[in-house]
Amino acid sequence: MARLKKRTKGPIIPFPIPLAVPPTSWASWFASWFMSPPAHDRIKGTFMDFGRFVWIHSAHQEQLITQGFFGKGTLSRSVPTWHSRLEQGSETRQALAPEQVTAKRRTKRRAQKQQRAGMEVTTTNPEDVHTNDEMLAWTEGHNYEEFQLDLYETFFLIYALDVLDLEDKHGRLMSAPDCWSLFHQSSDQFVFHYAAYHYYRSLGWVPKDGLKFGVDFVLYRQGATVNHSDFSVIVVPCVSSSSSSSPPSMELYPPPEGMAPMANWVNLLRINRVCVMVKKTLVICYVSIDKAALATAHTDLTAIEHCKVHEVVLRRWSPSANRE
């Protein structure tokens, strides 16, 4: 069960996914037209070449957070809180941001270590080079934090939900096929990882980047501000082939040159040990695609339709802890 962080302040309203149901009579057609909910404003974003991410215009940040927990602040762990943390300063009567909770916990641990060592207890953090007041003075009260999406979140909002209008650095609107080809330039395994992201999003999970734990994704039930993630996911790209003369077969997709394959027992044991320490369950997600579809996957958007997902849960077995 997910570990609850805190209760949400308001209802979580997901993006409406329209269902094309033909009306059976003129009365039902009129009712569906007259009673249809108002359309949401299109979300605007700009693709950044230098970092391979998308900046979202400030007017739509709250909408993405409350309706699916998409994106993060560039100077925060999840929800943009950098400017509010500077303004809040040492005020403790307000709700603490995740970064402040972490800093408070580290300060307490540092004080305990100093007491055990017989040292003088200090309340200042050696990592803090400048105070909040100094930062506010230098920024002149302006909020320089941006809200960004990774490429998988971006393409899901464009392809699956059709709520995002993405522009390049010259202000030209990019279509879904344009984004598909462009995002493939960042990684030749984009089709595999996006298929996994789309799969888990469709099941109601909130996938986020799992680099902190050495995996591809971590899965949240609601969002990083509500619950801790339950699962860590490693995406294993595979290529399937079949013919009339031989049975179907599947082989691992070769990793980039100079990199070791992720799906080997040494790496899996290392990552699984980390997942156990942070109370997460490791999921190995095999994403396979037909060899013929893979040949044109970098330009053909329909390659997603040829992807298949298989999951294996890997748990660490200990004789002393799991003895019957």
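Leaving aside its neighbours within four places in sequence, which residues is S232 in contact with? In this predicted model, S232 is found in strand β9, which covers residues 231-243. Its contacts beyond those neighbours are V215, F217, V218, C275, K280, T281, L282 and V283. The relative accessibility of S232 is 0%, so the residue counts as buried. Two members of this contact list, F217 and K280, return below in the account of the aromatic rings.

A few overall values help to place such details. The protein chain has 10 helices and 12 strands. It consists of 324 residues, and 38% of them count as buried. Contacts can also be sorted by separation along the sequence: among those between residues at least 6 apart, 62% join residues at least 24 apart.

Strand β9 also holds S240. Here the chain brings together two serines, S240 and S288, which are 48 residues apart along the chain but have C-alpha atoms separated by 6.1 Å. When residues up to four places away in sequence are not counted, S240 touches S249, M250, I289, D290 and K291.

The aromatic residues come next. A pair of aromatic rings is described by the distance of the centres and the angle of the planes. Searching the whole structure gives 22 aromatic pairs. In one of them, the ring centres of Y152 and F217 are 5.6 Å apart and the planes stand at 75°, so this pair is edge-to-face. The pair links distant parts of the chain, with Y152 in helix α6 (residues 151-160) and F217 in strand β8 (residues 217-220), 65 residues apart. Y152 and F217 are both buried. F217 is also one of the residues in contact with S232, the serine that opened this account.

Another pair is formed by W180 and F190, where the centres are 5.5 Å apart and the planes are at 75°, so it is edge-to-face too. W180 belongs to helix α7 (residues 176-184) and F190 to helix α8 (residues 190-202), and the two are 10 residues apart. Both W180 and F190 are buried.

These pairs are part of a wider picture. Ring pairs join F47, F70, Y152, F155, F156, Y159, W180, F183, F190, Y194, Y197 and F217 into a cluster. One cluster member, F70, has a charged residue over its face: R201 lies 3.8 Å from the ring centre. A similar kind of arrangement involves a lysine, as the charged end of K280 sits over the ring of F213, 4.8 Å from its centre. K280 is also among the contacts of S232.

The W180 and F190 pair leads naturally to the helices that carry it. Two packed helices are described by the angle between their axes and the distance between the axes. For α7 and α8, the angle is about 120° and the axes are 9 Å apart. With that angle, α7 is oblique to α8. On the α7 side, W180, F183 and H184 take part in the contact, and they meet F190, V191 and Y194 of α8. Sorted by class, this contact has 5 nonpolar residues, 1 polar residue and no charged residues.

Helix α7 has other partners as well. Its buried residues are A176, C179, W180, L182, F183 and H184. They pack against α6 and α8, and also against the strands β1 (43-48), β5 (164-167) and β6 (173-174).

Several loop residues complete the description. N143 lies in the loop between α5 (132-139) and β4 (147-149). Its relative accessibility is 47%, so N143 counts as partly exposed. N143 and H83 are 60 residues apart along the chain, yet their C-alpha atoms are separated by 5.7 Å. Apart from neighbours within four places in sequence, the contacts of N143 are W82 and H83.

Two further loop residues have a positive phi without being glycine. Phi of F69 is near 55°, and phi of K279 is near 60°. F69 is in the loop between α2 (61-66) and β3 (72-73), whereas K279 is in the loop between α9 (265-277) and β11 (281-290). Is each of these residues buried or exposed? F69 has a relative accessible area of 11% and is buried. K279, at 62% relative accessibility, counts as exposed.

Conventions. Residues numbered from 1 in each chain as written. Predicted model: local features only at pLDDT ≥ 70, side-chain atom pairs only at ≥ 80, totals over all residues. Heavy atoms only, no water. Phe/Tyr/Trp six-rings, centres within 6.5 Å; stacked < 30°, edge-to-face > 60°. Helix = DSSP H or I, 4+ residues; strand = E, 2+ residues; numbered from the N terminus. Buried < 20%, exposed > 50% of the residue type's maximum accessible area, 1.4 Å probe, protein only. Lys NZ or Arg CZ within 6 Å of the ring centre and 35° of its normal. Axes fitted to C-alpha atoms, helices over the stretch in contact; angles between N-to-C directions. Parallel < 35°, antiparallel > 145°, perpendicular 65-115°, else oblique. Contact = heavy atoms within 4.5 Å. Nonpolar A, V, L, I, M, F, W, Y, C, P; charged D, E, K, R; others polar.
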